[in-house]
Amino acid sequence: MTGAAIEVIRAGPMVTVQDTGRPGLLRYGIPASGPMDRLGHAAANVACGNELGAPAIEVSAGGVELRVDVALTFGFAEASVIVSGRVVAESWGVVTVAAGGVVTVRPTDGRRWGYLAVAGTLRTTVWFGSSSTHVSSGLGGGVVATGDRFEVTNAHLRADLDGPVADPRAGDGDGPVRIVLGPQEDAFVSGAVDRLVSEPFGAGGGDRMGVRLDGPPLELADALTIPSEPVVRGSVQVAGDGVPTVLLADHQTTGGYPKIATVLTPDCDVVAQRPVGAEVRFVAVDAAEAIAVARAEAAERQRFLDGLAAPDRTLAQRLFSRNLHPGGEPD
Amino acid sequence: MRAELRWRPIGDSGVLVDFPSLDPEAAWRRVVALDREIVADDGVLESCPALVNLLVRFDPLVTDHESVGRLIESMEADDGTDLVASEHVLDITYDGPDLAGVAVATGLDADQVSAAHAGASYHVRMYGFAPGYAYLKGLPEVLGLPRKPTAARDVPAGSVIIANDQCIVTTLTMPTGWWVIGRSSTPILTPRSARPARFAVGDVVRFRQAS
């Protein structure tokens with residue numbers, strides 16, 4: 001048990017503190033927020049011995065550079081990690097940084113969001129029971145800025161866990177994104193739904209509120225005005241210009257644009273991680289299939305996280321990882 | 001006869017409930033009444049009422065769209081015709097930068113504008129746009145103005161803003177094209193208390209001039 005501090009030497013834009021979020025407050029205009037990539041966030045925590053919902057740092061393209069005042073162990077996911085000038089990893093894993101060491105973290109190539117968890121408790125501001133940052137208000141744990149200092153309590157050095165962790169998405173991160181059509185799919189011109197599920201889209205610009213999709217326009221049949229209605233993480237809303245946007249963690253809770261579809265929960269995070277320009281293809285499933293997918297994915301996620309938390313996981317995961325990433329093993 | 005309730009699946013963990021044959025006012029009342037009957041239990045996580053429909057979110061590991069849809073169809077003891085509403089009073093100081101502009105545009109003087117605003121009672125129609133932004137409906141017709149042609153920047157939290165037939169007490173510093181007529185020191189969101197916000201959708205709000 002040691003107290004410790006992390007100093008932010010430099011932080012790019014959209015670096016935030018996130019725990020699992022604050023669900024249940026949509027009725028007050030408050031989205032759940034939480035990590036853009038929930039699996040990556042959970043894995044970074046569990047890999048270094050934390051509870052999966054602990055506050056961790058979410059990093060966007062600009063990255064973050066931190067100095068530790070005492071030795072600390074970090075879990076990371078979807079991240080490129082450099083410790084005191086030496087490249088440690090381009091993936092998922094655990095690294096222990098010596099006292100005075102500098103750790104630089106960016107999303108790994110081909111991803112938008114990376115995660116860094118410190119083994120211990122990252123002390124943050126809590127809002128409505130959660131450290132998750134709602135970026136447009138700055139409420140919650142907060143946007144991480146150059147010069148910030150984080151206190152870490154209950155820091156536990158876990159150098160025994162150091163090493164890579166197998167990327168659970170290796171090989172299947174590029175599949176089609178599953179959607180349930182509606183609720184306003186009938187408001188579009190005939191052919192719009194067909195285009196949505198048959199033609200490729202490109203991941204466009206975006207932020208924690210949502211990601212725009214470049215592709216064939218999805219035209220409305222009439223200039224439809226609908227009364228503002230509740231929207232969810234995953235809503236595919238289409239503005240008057242026919243450009244769809246997938247709403248994500250910090251979405252507004254209501255909106256007046258028609259929604260052609262909703263992306264399934266696990267696939268929201270896949271869309272969020274696709275880099276600008278990457279292909280996004282959609283496949284429609286019905287409500288019963290969506291439930292089956294949600295249950296299967298939750299079980300898969302649990303198996304992966306249980307494996308990470310298991311006392312003997314280090315050896316097993318390392319062997320697994322060595323097979324997946326020959327030559328990628330740090331010393 | 002009671003108008004038909006319709007529900008549609010939203011992704012893997014929600015249903016959207018509406019009343020297609022009802023006019024907006026009757027639909028909103030049904031939404032509020034139904035919302036009050038829904039409890040977070042048996043996999044139902046939360047409900048979110050809006051102007052003419054209601055979202056119900058559920059845990060897909062526990063329940064599914066059909067079960068939640070059937071549950072909702074079995075509810076509706078109340079159709080919302082006689083909504084019982086809690087009433088809340090917010091302090092207000094009428095010193096907003098647009099008070100004079102509203103007076104000019106409506107042909108009133110500033111005291112008449114504030115008297116008209118403070119004399120009305122408002123229904124909390126829905127929350128949206130940003131945390132704690134409650135759309136309060138009931139602005140007197142005489143104050144009904146379209147949004148300003150250009151938005152003002154950095155309008156501070158706690159501003160009381162009006163446009164068309166609605167009023168909002170802002171909770172964040174943001175740009176707005178609504179008319180800023182005053183400010184309220186009464187916080188809307190109350191994260192440290194048992195209730196997350198001062199009032200719920202369906203409640204009634206009144207304003208009282210701070211002395």
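The following paragraphs lead through a predicted model, from the overall form of chain A to its contact with chain B and then to individual sheets.

Chain A contains 5 helices and 21 strands. Its radius of gyration is 20 Å, close to the 20 Å that the globule rule gives for 331 residues, so chain A is as compact as a globular protein of that length. Along the principal axes, the C-alpha atoms of chain A fill a box of roughly 65 × 40 × 30 Å. Of the 331 residues in this chain, 53% count as buried. When contacts in chain A between residues at least 6 apart in sequence are considered, 77% of them join residues at least 24 apart.

The contact between the chains involves 37 residues of chain A and 37 residues of chain B. On the chain A side, β15 (229-230), β19 (259-263) and α4 (287-309) each supply at least two residues. The largest share, 7 residues, comes from α4(A). By residue class, the side of chain A that touches chain B divides into 21 nonpolar, 13 polar and 3 charged residues.

Within chain A, an open sheet of 8 strands with mixed pairing follows the order β20-β13-β14-β17-β16-β19-β12-β21. Strands β20 (279-280) and β21 (282-284) of chain A stand at the edges, each with a single partner strand, so one side of each is left without a neighbour in the sheet. Elsewhere in this sheet, β16 (residues 235-238) and β17 (residues 244-247) of chain A run antiparallel and are joined by 3 bridges. Val238(A) has Pro244(A) in β17(A) as its bridge partner. Helix α3 (residues 265-273) of chain A lies across β12 (177-181), β14 (210-214), β17, β19 and β20 of chain A, and runs at about 125° to β12(A).

In chain B, strand β2 (residues 14-18) offers a local example of strand pairing. Strands of a sheet pair through backbone hydrogen bonds, either parallel or antiparallel. Strand β1 (residues 6-10) of chain B runs antiparallel to β2(B), with 5 bridges joining the two; Trp7(B) has Val17(B) in β2(B) as its bridge partner. The hairpin of β1(B) and β2(B) has 3 residues between the strands, and Gly11(B) takes a positive phi near 55° there. β2(B) also pairs in the antiparallel sense with strand β4 (residues 53-58) of chain B, over 5 bridges, and the bridge partner of Val15(B) in β4(B) is Val56(B).

Strand β2(B) is mostly covered, with 5 of its 5 residues buried. Both of its faces are covered: Gly14(B), Leu16(B) and Asp18(B) are buried on one side, and Val15(B) and Val17(B) on the other.

How values were computed. Residues numbered from 1 in each chain as written. Chains lettered and ligands numbered in written order. Predicted model: local features only at pLDDT ≥ 70, side-chain atom pairs only at ≥ 80, totals over all residues. Helix = DSSP H or I, 4+ residues; strand = E, 2+ residues; numbered from the N terminus. Rg over C-alpha atoms; globule rule 2.2 N^0.38 Å. Buried ≥ 20, exposed ≤ 12 C-beta atoms within 10 Å, placed from the backbone. Contact = placed C-beta atoms within 7 Å. Nonpolar A, V, L, I, M, F, W, Y, C, P; charged D, E, K, R; others polar. Pairing = 2+ DSSP bridges. Axes fitted to C-alpha atoms, helices over the stretch in contact; angles between N-to-C directions.
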